[in-house]
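Welcome, and thank you for taking a look at this structure. Have the view open as you read, so that you can find each residue as it comes up.

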Amino acid sequence: MTTGVQEANDAYLHMLGYSRAEAAQVQWDQLTPPEYVPRDEQAREEIRTRGTCTQFEKEYLRKDGSRLPVLVGGALLNDKSAAVAFAIDMGEHRRLQQEVRAAKEAAEAANRAKSEFLANMSHELRTPLNAVIGYSEMLHEEARARGMTDFVSDLERILLAGKNLLALISNILDLSKIEAGKMEVLLERFSLPDLLKEVTATVTPLLHKNGSTLQVVCPAEVGVIQSDRVKLCQCLMNLLSNAAKFTHKGTITLQAGRELRNARPGYVITVRDTGIGMDAEARARIFEPFSQGDATTAKHFGGTGLGLAITRRFCQLMGGDVTVDSEKGVGSTFTIRIPAAG
């Protein structure tokens, strides 16, 4: 079996810079840098013994002495008179890979810069807004005390708008701090039943607004838990608030208990509702930032689509996770699992 280039197509000749007449005089070894000779010999042996060789990457020496990265392979003709080989120019492929990698790194750097900027702006954004809310509360109380009913409703609107804006900013800043790696977990020991009582007391007005009822199931033996109390409280508030928002004259059940999962002790907390539920498409993206069930849901119920994304991130920071099981028109069940610390 000769090692010369007996025939080549125009693309092959153009790739290497040879004319057809010149290529007829070129031997394979003339196209191969010394470091690739052993692999070429291995390929020839594979073709002799098996009739074909495994594709592999190497470099060709072009006529002008430059190197060209290629993907090559070969096979023996049926009459065994010669071997046919192919070579794919990998230079353009590698250039595109480098461009994609550079674009990805630039996007990630921009995202980190954005997250770090928002995380660092936490104090600057919240402080003036808290002042607006504080003064609004003072004016609201004074207007009520003086019987200035014409001002009370307007001040209530200002106060509600301020609190809603503060909640939105807090969610965005929390997400940005998580992405910037600046969110810390602060472990402490606290009573889980007491935490559930605190959360349910806060969310009760939302439940009454839609005429729903709340059932709480938390055995006393659940007792004291060691975790991040603030983050767990916020997770439960997000889940219960969503359940209250999407359930009309239904039932919401909050249940907590201990469990042994993968031989590790932990806690499981579920929030189950009989609300509007979700289809498979909505379930698949429900934990993504700024994602909501669909356009109709977003328009009718409002919200930013950050609560569940933050809930999942917080649960993962605490070593656990949150999952959802839902059926459209039937209801949803969100389950938080966190390990027992220590």
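Let us begin with a pair of charged side chains: Asp10 and Arg20 form a salt bridge, with their closest N and O atoms 2.6 Å apart. Asp10 belongs to helix α1 (residues 10–16) and Arg20 to helix α2 (residues 20–24), so this pair ties together parts that are 10 residues apart in sequence. Asp10 is exposed, at a relative accessible area of 58%, while Arg20 is partly exposed, at 38%. Please keep in mind that you are looking at a predicted model.

**Charged pairs**

How many salt bridges does a search of the whole structure find? There are 18 of them. Another one joins the side chains of Arg67 and Glu35, at 2.4 Å from N to O. This pair links distant parts of the chain, since Arg67 is in strand β2 (residues 67–76) and Glu35 is in the loop between α2 and α3 (37–50), 32 residues apart. Arg67 is partly exposed, with a relative accessible area of 40%, and Glu35 is also partly exposed, with 48%. Arg67 has a further partner in Glu59, where the closest N and O atoms of the salt bridge are 2.9 Å apart. Glu35, Glu59 and Arg67 are thus linked in a network of salt bridges.

Here are the salt bridges described above, side by side.

| Salt bridge | N to O distance |
|---|---|
| Asp10 and Arg20 | 2.6 Å |
| Arg67 and Glu35 | 2.4 Å |
| Glu59 and Arg67 | 2.9 Å |

**Nonpolar cores**

Now turn to the inside of the model. In soluble globular proteins, nonpolar side chains tend to be buried together. The largest nonpolar core here has 41 residues, and the members that touch the most others are Leu192, Leu195, Leu232, Leu236, Ile269 and Ile336. Two or more residues each come from α6 (149–179), α7 (192–209), α8 (229–246), β7 (251–261), β8 (264–273), α11 (307–317) and β10 (331–339). Which element gives the most to this core? That is α8, with 9 residues.

Leu232 is a good place to stop and look around. Apart from its neighbours within four places in sequence, Leu232 is in contact with Phe190, Leu192, Leu195, Ile225, Ile269, Met318 and Ile338. There is also a second, separate core of 19 residues, which includes Tyr12, Leu31, Tyr60 and Val70.

**Around helix α11**

Which residues of α11 are buried? They are Gly307, Leu308, Ala309, Ile310, Thr311, Phe314 and Cys315. The cover over these buried residues includes α6, α8, β9 (321–327) and β10. Phe314 also has a charged visitor: Lys231 lies over the face of its ring, at 5.6 Å from the ring centre. Just after α11, Gly319 takes a positive phi of about 90°.

**Cysteines**

How many disulfides does the structure hold? The count is 0. Cys218 is in no disulfide, and the nearest cysteine sulfur, in Cys233, is 14 Å away. Cys218 is partly exposed, with a relative accessible area of 22%. Why is there no bond between Cys315 and Cys235? The sulfur of Cys235 is the closest cysteine sulfur to that of Cys315, but at 4.0 Å it is too far for a bond, because a disulfide needs sulfur atoms within 2.5 Å. Cys315 counts as buried, at 0% relative accessibility.

**Aromatic rings**

The structure holds 2 aromatic pairs. One of them brings Tyr12 and Tyr60 together edge-to-face, 6.1 Å centre to centre and with 80° between the planes. Tyr12 lies in helix α1 and Tyr60 in strand β1 (residues 56–61), so the pair ties together parts that are 48 residues apart in sequence. Tyr12 is buried, with a relative accessible area of 11%, and Tyr60 is buried as well, with 3%.

Phe287 and Phe334 form an edge-to-face pair too, 6.2 Å centre to centre and with 90° between the planes. Phe287 is in the loop between α9 (280–285) and α10 (295–301), and Phe334 is in strand β10, so parts that are 47 residues apart in sequence are tied together by this pair. Both Phe287 and Phe334 are buried.

One more ring is worth finding in the view: the charged end of Arg39 sits over the ring of Phe56, 4.0 Å from its centre.

Methods. Residues numbered from 1 in each chain as written. Predicted model: local features only at pLDDT ≥ 70, side-chain atom pairs only at ≥ 80, totals over all residues. Heavy atoms only, no water. Salt bridge = Lys/Arg side-chain N within 4 Å of Asp/Glu carboxyl O. Helix = DSSP H or I, 4+ residues; strand = E, 2+ residues; numbered from the N terminus. Buried < 20%, exposed > 50% of the residue type's maximum accessible area, 1.4 Å probe, protein only. Core = buried A, V, L, I, M, F, W, Y, C linked by side-chain atoms within 4.5 Å. Contact = heavy atoms within 4.5 Å. Phe/Tyr/Trp six-rings, centres within 6.5 Å; stacked < 30°, edge-to-face > 60°. Lys NZ or Arg CZ within 6 Å of the ring centre and 35° of its normal.
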